[in-house]
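The following exercises concern a single protein chain. Each task is followed by a solution in steps.

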Amino acid sequence: MSLFDDREQSAPLASRLRPETLEEYAGQQHLIGEGKILRQLIEKDQISSMIFWGPPGVGKTTLARIIAKQTRAEFVEFSAVTSGIKEIKEVMQQAEHNRRYGIRTLLFADEIHRFNKAQQDAFLPWVEKGSIILVGATTENPSFEINSALLSRCKVFILKALETEDLMQLLKHALKSPKGFGSLEISIEESQLSAIAGFSNGDARTALNTLEMAVLNAKMNSEGVLCVDGDVLAQCMNRRSLLYDKNGEEHYNLISALHKSMRNSDPDAAVYWMCRMLDGGEDPLYIARRLVRFASEDVGMADSNALQVAVAAYQACHFLGMPECDVHLTHAVVYLSMAPKSNALYRACEACKADIRQMPAEPVPLQICNAPTSLMKEMHYGEGYVYAHDTEEKLARMQCLPDALAGRRYYEPGSEGNEKLVKERLETILRWKNEKA
């Protein structure tokens, strides 16, 4: 017999310590605390289909298993990767058969956002009939990732990242529990446990995996005590995988945070969110493209150099790549944050697009049409055109917009930065054009 013959003890610590009752479950007291709605539904055995939405490692799967056990339902777990339409229908038919004999089926769909539309549609009729209780778990916003018809038949419960106190309690339980390291003598300082809890970012699985790695690499002293060394623990925590999915909601949350921090002229916050994206594996060229957009959308004519800086940052990222290009992105992010702001170009573009969508295609005024043929000249193409360079003011009073839009203003310059000078010049031009010749 060897240690590896004991399959239970060789399983990962997080699996060995998976809670089996609500009393053992850590965190989410806003849902399962005394008198809270989810706890009452479980205790009264009135569970209906639901979605658990929250970050990784907060107990979504564990809570589903506890519910199945306490509500005396058969537990079936589905994976979006391995389960096709055929497998779903087979399980549904078995669930319908069981229902006729008074046996309920709790179907747990982990990462339900990864199920495609056809797979999600396959659940719908069985949820409506009550053949199954569907419990889906997702790290993504259900509003965007789950079919509206299915979502409308499920109650959404939001699970939160675990508090430091919850993680500390969990780590201490792992050291004492027979399922954990209770059979071993381990020397680990309170500050080290606190460091693991802080490093885990609210993720119980990360906390337990880090503790397990530290214990497995601990040195045994002459008295048979495993001592967790600070240097070893530091290596176990040398890099935290920050919550980030380049295709998911957090991706859009972080780019939104970067954009809004720059718009609010907050370089510190902007650099932080930019670095968070890079640390999560974001393509630096994606960030650079967003900076190019920002340069015209939020800075615009207030500082036209902003666009040049942003484009230069994009080119630098293209030439160098990561990790060297991070400083170029920082350069552009700080410049854009500190530049004077104007959204006049954005507003002009959006207002013009709205007119184009809502109005018929207006003809080009004849005076600014080209007249390369004699026939077109006979039709008055180009008649009345004034070449601005030939005038003393370098301006002409002719109308360039279609008749239906004569006098329409799209670009309304602001008074920040260089755009103040542009505003003054535009006002001068408009006054001159409005004067009688």
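## Exercise 1: Trp432

Trp432 belongs to helix H21, which covers residues 419-434. The coordinates come from a predicted model.

Task: Decide whether Trp432 is buried or exposed, and state which residues Trp432 is in contact with beyond its neighbours within four places in sequence.

Solution.
1. The relative accessible area of Trp432 is 16%.
2. Buried means under 20% relative accessible area.
3. Trp432 is therefore buried.
4. With neighbours within four places in sequence left aside, Trp432 is in contact with Glu393, Leu395, Ala396 and Arg397.
5. As for distance along the chain, Trp432 and Lys129 are separated by 303 residues in sequence, and their C-alpha atoms are 74 Å apart in space.

## Exercise 2: Thr61

Task: Locate Thr61 among the helices, classify Thr61 as buried or exposed, and list what Thr61 touches beyond four places in sequence.

Solution.
1. Thr61 lies in helix H5, residues 60-70.
2. The relative accessible area of Thr61 is 16%, and the cut-off for buried is under 20%; Thr61 is therefore buried.
3. Not counting residues up to four places away, Thr61 touches Arg18, Glu77, Phe108 and Asp110.

## Exercise 3: Helix H10

Task: Compare the expected span of helix H10 with the distance between its end C-alpha atoms, then identify what its buried residues pack against.

Solution.
1. Helix H10 has 13 residues, 164-176.
2. At 1.5 Å a residue, H10 should span 18 Å. The expected span counts one less than the number of residues.
3. The end C-alpha atoms of H10 are 19 Å apart, which agrees with the expected span.
4. The buried residues in H10 are Asp166, Leu167, Met168, Leu170, Leu171, Ala174 and Leu175.
5. These buried residues pack against helix H2 (13-16), strand S6 (186-187), helix H11 (190-199) and helix H12 (204-216).

## Exercise 4: The whole chain

Task: Set the radius of gyration of the protein chain against that of a compact globule of 437 residues, and describe the chain's overall dimensions and contacts.

Solution.
1. The protein chain holds 21 helices and eight strands.
2. A compact globule of 437 residues would have a radius of gyration near 22 Å, whereas the protein chain has 32 Å.
3. Along the principal axes, the C-alpha atoms fill a box of roughly 100 × 60 × 40 Å.
4. Buried residues account for 41% of the 437 residues.
5. Of the contacts between residues at least 6 apart in sequence, 72% join residues at least 24 apart.
6. The chain carries 50 positive and 59 negative charges, whose mean positions are 5 Å apart.

Conventions
Residues numbered from 1 in each chain as written. Predicted model: local features only at pLDDT ≥ 70, side-chain atom pairs only at ≥ 80, totals over all residues. Heavy atoms only, no water. Helix = DSSP H or I, 4+ residues; strand = E, 2+ residues; numbered from the N terminus. Rg over C-alpha atoms; globule rule 2.2 N^0.38 Å. Buried < 20%, exposed > 50% of the residue type's maximum accessible area, 1.4 Å probe, protein only. Contact = heavy atoms within 4.5 Å. Lys, Arg positive; Asp, Glu negative; His and termini not counted. Charge placed at Lys NZ, Arg CZ, Asp CG, Glu CD.
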